[in-house]
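I opened this notebook to keep track of what I looked up, one topic at a time. My plan was to begin with the domains, go on to the pockets, and finish with the charged pairs.

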Amino acid sequence: MSTEARAFAGVLLALTISFAPAASAGTLDAVRQRGTLVCGVNQGLFGFAERNDKGVWSGFDVDFCRAVAAASLGDPDKVSFVPLSAGERFDALREGKIDLLSRNSTWTLEREADLKVLFAGITFHDGQGFMVMRKPDVTSALELDGSKVCVQTGTTSQANLADFFRANSMKYEEHAFPTPADALKGLADGQCDVLTADQSALYAMRLELKKPSEAVILPDVISKEPLGPATRADDPTWFNVVKWVNFALVNAEEVGVTSQNATEALGSAKPDVRRLVGVEGDLGKKLGLDDAWALRAVKAVGNYAEVYERNVGTKSRLGIPRGLNQLWSMGGILYAPPLR
């Protein structure tokens with residue numbers, strides 16, 4: 001190669017490096033340097049993300065943030081929670097205001113393709129439903145022809161609502177509100193006959209009514225709503241960390257590792273348990289973490305079953321049965337690739 005050719009090649013290499021995406025420097029590195037994970041969550045939804053009068057956050061999505069912090073920083077408490085509306089959430093992620101979005105968000109093609117985000121698996125298999133007051137007595141969504149329907153703007157629920165009524169040759173009057181609280185107030189005040197949202201959200205919102213027993217969630221499920229955490233699309237390393245924390249919690253339930261027996265699991269002779277807790281396989285190093293990353297996540301928040309039951313399961317205030325969110329081996333569709 002001539003001197004001129006080598007010089008030109010060097011210029012091309014320099015240009016390639018200088019125009020590399022900023023995020024390629026690494027969200028994981030940025031989180032470590034900062035010493036805190038910045039996690040976007042719901043502004044307030046029972047069971048998923050709620051803050052008490054002392055400022056302490058709890059919930060299904062909150063626990064996932066803490067699991068990621070435990071895996072990447074070694075401490076589940078090193079999380080700064082940022083409450084976001086439905087309209088704000090993806091902009092905040094794309095603009096780097098948060099490292100991770102864990103906010104009951106539906107995974108769709110349009111969101112990944114247009115918004116340049118990646119969903120790191122499914123943490124909650126949901127579906128859109130309807131909630132009505134018990135009077136008049138309605139038992140099926142097919143009885144809602146001519147209804148006034150409350151729905152939140154900036155959600156997949158609006159489009160699903162239109163699809164459902166059009167597919168069933170029914171008419172409706174949409175009343176769109178900027179927040180779930182406003183939509184619920186619309187139902188409670190009689191502005192609407194019915195409220196539509198993800199079923200998990202309906203269970204949570206019903207608890208906020210003065211008399212929750214006066215509202216009923218209809219059995220109809222009109223859509224697939226795979227909810228999961230999201231990262232920016234330009235950082236595959238960080239995306240893999242978040243994705244495998246999700247899968248680790250599911251795998252932990254499969255092999256019987258819990259927050260209570262995680263330490264004892266270090267002495268297990270079972271290969272799948274040993275890989276999960278990091279005593280063989282060197283899997284953490286492949287993610288840019290140490291090998292105890294999954295063990296720390298499980299010790300911090302528990303396996304998937306513990307997270308589910310504590311926050312939204314039948315023993316919680318929401319009382320949502322596992323249903324589709326049961327393990328694939330137990331009649332559900334919850335499934336995670338193997339840690340190996």
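**Two domains**

I began with the spacing of the two parts, and found that the C-alpha centres of domain 1 and domain 2 lie 29 Å apart. On the contact between them, I noted that domain 1 gives 13 residues and domain 2 gives 14 residues. I should record here that the model is a predicted one, and that the domain assignment sets domain 1 as 27-123 + 228-330 and domain 2 as 127-224. I then looked up the area that the two domains bury between them, which comes to about 1,100 Å², with 65% of it on carbon and sulfur atoms.

**Largest pocket**

Next I turned to the pockets, where the largest has a volume of about 390 Å³. Its lining is made of 22 residues, and the closest to the pocket centre are His125, Asp126, Gly127, Val221 and Leu324. I checked which elements give two or more residues to this lining, and they are strand 7 (124-126), helix 8 (199-206) and strand 13 (225-227). Sorted by class, the lining of the largest pocket holds eleven nonpolar, seven polar and four charged residues.

Where does the largest pocket lie with respect to domain 1 and domain 2? I noted that it lies between them, because both domains give residues to its lining.

**Second largest pocket**

For the second largest pocket I wrote down a volume of about 260 Å³. I found 15 residues in its lining, and those nearest the centre are Thr108, Glu110, Arg111, Leu115 and Thr156. Helix 4 (89-94), helix 5 (109-115) and helix 6 (156-167) each supply at least two residues of this lining. By class, I listed three nonpolar, six polar and six charged residues for the second largest pocket. I also looked at how the domains share in this lining, and each of domain 1 and domain 2 contributes at least three residues.

**Salt bridges**

Last, I looked up the charged pairs, and the count comes to 13 salt bridges. One of them joins Glu50 and Arg317, whose closest N and O atoms are 2.8 Å apart. I noted that this pair links distant parts of the chain, since Glu50 sits in strand 2 (residues 50-51) while Arg317 is in the segment after helix 13 (304-311), with their positions 267 residues apart. How many salt bridges did I find between domain 1 and domain 2? The count there is zero.

Key: Residues are numbered from 1 along each chain as its sequence is written. This is a predicted model: local features need pLDDT of at least 70, side-chain atom pairs count only at pLDDT 80 or more; totals for chains, interfaces and linings use all residues. Side-chain values use heavy atoms; hydrogens and water are left out. On a 1 Å grid over the protein atoms alone, a cavity is a set of points where a 1.4 Å probe fits but cannot get out, and a pocket is an open set with protein on both sides within 12 Å along at least five of seven lines; lining residues have an atom within 4 Å of a point. Grid points are joined across faces, edges and corners, and a volume is the space filled by probe spheres set on the points. Helices (H or I, at least four residues) and strands (E, at least two) are DSSP runs, numbered from the N terminus. Ala, Val, Leu, Ile, Met, Phe, Trp, Tyr, Cys and Pro count as nonpolar, Asp, Glu, Lys and Arg as charged, and the others, Gly among them, as polar. Domain bounds come from an automatic or database domain assignment. Contact means heavy atoms within 4.5 Å. Buried area is the accessible area (1.4 Å probe) that two parts lose on being put together, summed over both. A salt bridge is a side-chain nitrogen of Lys or Arg within 4 Å of a carboxyl oxygen of Asp or Glu.
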